[in-house]
Amino acid sequence: MFKALEISDDSTLKFEKITATFIQPSVIAIACGTRNDNTINIIGTGFGILPPSGCSQTDFFVTCRHIIDELVDIKSATKTGLGKLGLQDSDTRIGVQEIGQDRKVSWHWHVLGEGALKTLSMVEMDLCVFQLPGSGITVPSLNISENCILGTEVGVLGFPTDGNLQVESIQPFVVKTIISSVLDYKFTNVVTKDDKGNSVTKDLVLPRLALGHQLAGGFSGSPVYSIQEGGAVLGVVDYTPYIEDEFYKKIIDEEGRSRDESIYAQYPSFTSFAIPAKIIKSNLENYSHYKEKAKSMGVTSCEWRVPRKGIY
């Protein structure tokens, strides 16, 4: 349990103030299942966002599509399948910051019921905007900015899961870095739809922000926020490119005979990628489309697109 930072308006600690005051209360941990050692299985990060004409508190969130797909895979698993994953259950949990007495910060897990999560997913872009209507989970909304300049100083706040970082207690980590490049990147074997609506894989060139810091698993879905613009979100962490190398090693067997053996290695590159904020805006516009469709049909709500119908 940690004490909340109280930073005065004239403080020179601009990065610390933005992170503690604006970003951290809006960031959530996304988990599915309890491990056999009774720890929560965190699979990624999300943050609060406003749909068009929304209010300051929101039950809309942004994360990566692959986080929702992983959640769906766990929800789909049989009891035997869960056992193979080292999980006791497949309950979906959302970790939200709470401030108690003496300004102490802790993280509380909310367990979601079936069908509590509604999504608008962009498969090719790996982006998902989802809502938790009726869950009672709301957070302050973060603002979005497309003013991304090369070298911009940014922060990233999320829940890395490597090692035992989230075992004893849930705790966000912050990384301070820069926008090292704004690029179009060629992704291979991306799942998309053909003209007939069938799922196919193909190579796609997609816009990305490159961050000058390599990020671990669990940071997927984290906001990349600008220091200069008071915490406005510039992007969503989604991918770390990996480098593949092939090495040759001479092996000598027990009989003294030598042979060449290939060794394949894969390791993360120096950078991580983020989905640009303009893609979040595009997804929120899809929500407006569904609202208008519902209105034209004379109903109060309209069905959202879900990753796999019947589960979430």
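**A few residues worth a look**

1. Asn189 counts as exposed, because its relative accessibility is 58% and the cut-off for exposed is over 50%. This residue lies in strand E12, which covers residues 173-193. As you step through that strand, check the backbone: Asn189 has a positive phi of about 55°, although it is not a glycine. Please keep in mind that this is a predicted model.

2. A second asparagine deserves a similar glance. Phi of Asn38 is near 75°, again a positive value in a residue other than glycine. Asn38 is found in the loop between E2 and E3. With a relative accessibility of 58%, Asn38 also counts as exposed.

3. Asp37 belongs to the loop that joins strand E2 (27-34) to strand E3 (40-48). Its side chain makes a polar contact with the side chain of Thr39, at 2.6 Å. You may also like to display Gly86 here: Asp37 and Gly86 are 49 residues apart in sequence, while their C-alpha atoms are 8.9 Å apart in space.

4. Now for a lysine: is Lys75 buried or exposed? Lys75 counts as buried, since its relative accessibility is 14% and the cut-off is under 20%. Its place is in helix H2, residues 65-76.

5. What does the side chain of Lys75 contact? A polar atom of this side chain lies 2.9 Å from the backbone oxygen of Ser90. The Lys75 side chain also makes a polar contact with the side chain of Thr92, at 3.5 Å.

Terms used:
Residues numbered from 1 in each chain as written. Predicted model: local features only at pLDDT ≥ 70, side-chain atom pairs only at ≥ 80, totals over all residues. Heavy atoms only, no water. Helix = DSSP H or I, 4+ residues; strand = E, 2+ residues; numbered from the N terminus. Polar contact = N/O pair within 3.5 Å; in protein donor to acceptor, adjacent residues only side chain to side chain. Buried < 20%, exposed > 50% of the residue type's maximum accessible area, 1.4 Å probe, protein only.
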